[in-house]
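This briefing introduces the structure shown below to a reader who has not met it before. Its points are grouped by topic.

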Amino acid sequence: LRPTPVPPQSGINFSAVVAKKAAFQIPAPSAEASSVVLQAYDADGDGILSPAEYGEAPNKQLFEPTRVQRFALYDTDGNGLVDTSETARYLGVTEEAVADLGRGAGTANLMQHLGVELTEEEASFDRADANDDGRVTAAEASVELNRTLMDGEALVEAADDETTVQLAGQNVTGLSLAQWRDLRAERRFIALDSDGSTGLEAVELSQEIWRLNLQSGQGVEAVVQRMMEDTEIDGDKDRVLNLSEYRRENVSRLLEPTNVQRFFLSDGDGDGVVSVAELAKRRGVSESEVTAELDEAGLEDFQQLHLGHYSKLGFTEVEREFDDAD
């Protein structure tokens with residue numbers, strides 16, 4: 001656990017902190033979002049949070065760079081509030097799935113948003129940012145990526161020093177949260193691309209899904225085939241996912257262990273898709289209830305769901321508990 005940050009003797013100029021982050025191209029909350037902080041804690045209205053005022057702040061998470069940057073990435077219109085549509089866009093799911101994923105609903109200002117649980121990507125950025133300055137250096141990235149078996153040492157070897165990170169062929173001095181998400185996707189893509197062809201073929205995706213589906217490997221090839229037939233995933237229909245397609249559809253999210261395992265538990269006949277009847281049986285509800293859920297998730301045109309479709313559905317309570325425990 002990190003110690004609670006202590007403000008300097010002169011206090012914290014929250015507006016100046018925001019401006020500094022912007023100068024480093026690190027997402028920072030808008031003026032509207034920042035004003036919520038000042039209104040709540042800046043008792044004398046001088047725009048500075050004094051040590052005494054800081055000490056009165058009940059939630060010190062307010063000053064953690066990961067959470068501040070996260071809010072700015074969610075708040076795409078810069079109005080100081082995060083709504084359900086912005087949350088859905090950030091997570092890559094439907095609006096109806098936001099509440100099911102435990103991410104809340106409605107609107108939230110900067111302070112209210114602090115209580116929202118970090119995603120795995122956000123949590124990994126928080127772990128990597130060892131000095132809590134809101135940027136991840138090559139050395140910091142290597143420690144975290146090696147922890148998750150993504151060959152982080154190569155980052156330092158390819159960089160000019162332990163600060164610079166190579167991302168998409170460019171040298172970046174310190175990664176923001178948004179850049180960290182891109183880096184993890186890039187490193188994960190490289191790790192899955194076992195033959196070094198710069199494209200993920202069906203066999204490579206099958207190997208990963210086989211590994212994640214701890215129950216058995218039955219039906220894996222059918223799962224990949226059905227998913228790769230979707231032009232929203234394999235846009236050029238060459239049966240190979242390039243890095244752009246991988247990022248656009250965020251296949252890494254589809255390949256999360258809980259999502260893969262719950263899909264196979266629902267695919268009773270092993271044909272690579274989950275029918276309405278199979279989903280109803282798995283969830284212990286009627287087929288009409290499943291149809292209503294598909295309508296809410298924007299999947300009303302699909303009576304059979306491939307893995308990509310399935311990932312857009314919210315978790316059941318048991319599935320969410322497993323995901324939290326894993």
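Is Glu122 buried or exposed? Glu122 is buried, because its relative accessible area is 0%, under the limit of 20% that applies to buried residues. The model is a predicted one. The points below begin with the salt bridge that Glu122 forms and then turn to the nonpolar core, a covered helix, the surface and the loop before strand S4.

**Salt bridges**

- The number of salt bridges in the model comes to four.
- One of them joins the side chains of Arg70 and Glu122, with an N to O distance of 3.6 Å.
- Arg70 belongs to helix H4 (residues 65-74) and Glu122 to helix H8 (residues 120-128), so this pair ties together parts that lie 52 residues apart in sequence.
- Arg70 counts as buried, because its relative accessibility is 0%.
- A salt bridge is also formed by the side chains of Glu144 and Arg127, at 2.9 Å from N to O.
- Glu144 is in helix H9 (residues 138-147) and Arg127 in helix H8, so the pair connects parts that are 17 residues apart in sequence.
- In this pair Glu144 is buried, at 5% relative accessibility, whereas Arg127 is partly exposed, with a relative accessible area of 36%.
- The side chains of Glu208 and Arg188 form a further salt bridge, with 2.2 Å between N and O.
- This pair links distant parts of the chain, as Glu208 is in helix H12 and Arg188 in helix H11, 20 residues apart.
- Glu208 counts as buried, because its relative accessibility is 7%.

**The largest nonpolar core**

- The largest nonpolar core has 33 residues, and Leu205, Ile209 and Leu313 are the ones that touch the most other members.
- Several helices supply at least two residues each to this core, among them H11 (177-192), H12 (202-212), H16 (257-266) and H17 (276-283).
- Helix H13 (220-228) gives the largest share of the core, five residues.
- In soluble globular proteins, nonpolar side chains tend to be buried together.

**Helix H5**

- Helix H5 (residues 84-91) is mostly covered, with six of its eight residues buried.
- The buried residues of H5 are Thr84, Glu86, Thr87, Ala88, Tyr90 and Leu91.

**Residues apart in sequence, with their separation in space**

- Leu155 is part of helix H10 (residues 153-158).
- With a relative accessible area of 3%, Leu155 is buried.
- Between the C-alpha atoms of Leu155 and Ser142 the distance is 6.4 Å, while the two residues are 13 residues apart in sequence.
- Val203 is found in helix H12, and it counts as partly exposed because its relative accessibility is 47%.
- Val203 and Gln225 are 22 residues apart along the chain, and 9.8 Å separates their C-alpha atoms.

**A patch of negative charge**

- On the surface, a patch of negative charge brings together Asp295, Glu296, Glu300 and Asp301.
- Of these residues, Glu296 lies in helix H18 (residues 287-296).
- Glu296 counts as partly exposed, because its relative accessibility is 48%.
- Helix H18 also takes part in the largest nonpolar core, where it supplies at least two residues.

**The loop between H13 and S4**

- Lys237 is located in the loop between H13 and strand S4 (240-241).
- The phi of Lys237 is near 55°, which is a positive value in a residue other than glycine.
- Lys237 is exposed, because its relative accessible area is 60%.
- Arg239 is located in the loop between H13 and S4.
- The phi of Arg239 is positive as well, at about 60°, although Arg239 is not a glycine.
- Arg239 counts as partly exposed, because its relative accessibility is 38%.
- Most residues other than glycine have a negative phi.

Key
Residues numbered from 1 in each chain as written. Predicted model: local features only at pLDDT ≥ 70, side-chain atom pairs only at ≥ 80, totals over all residues. Heavy atoms only, no water. Patch = residues over 30% accessible without salt bridge, like charges linked within 9 Å, V, L, I, M, F, W, Y side chains within 5 Å. Areas by Shrake-Rupley, 256 points an atom, 1.4 Å probe, with all protein chains shown as cover. Lys, Arg positive; Asp, Glu negative; His and termini not counted. Charge placed at Lys NZ, Arg CZ, Asp CG, Glu CD. Helix = DSSP H or I, 4+ residues; strand = E, 2+ residues; numbered from the N terminus. Buried < 20%, exposed > 50% of the residue type's maximum accessible area, 1.4 Å probe, protein only. Core = buried A, V, L, I, M, F, W, Y, C linked by side-chain atoms within 4.5 Å.
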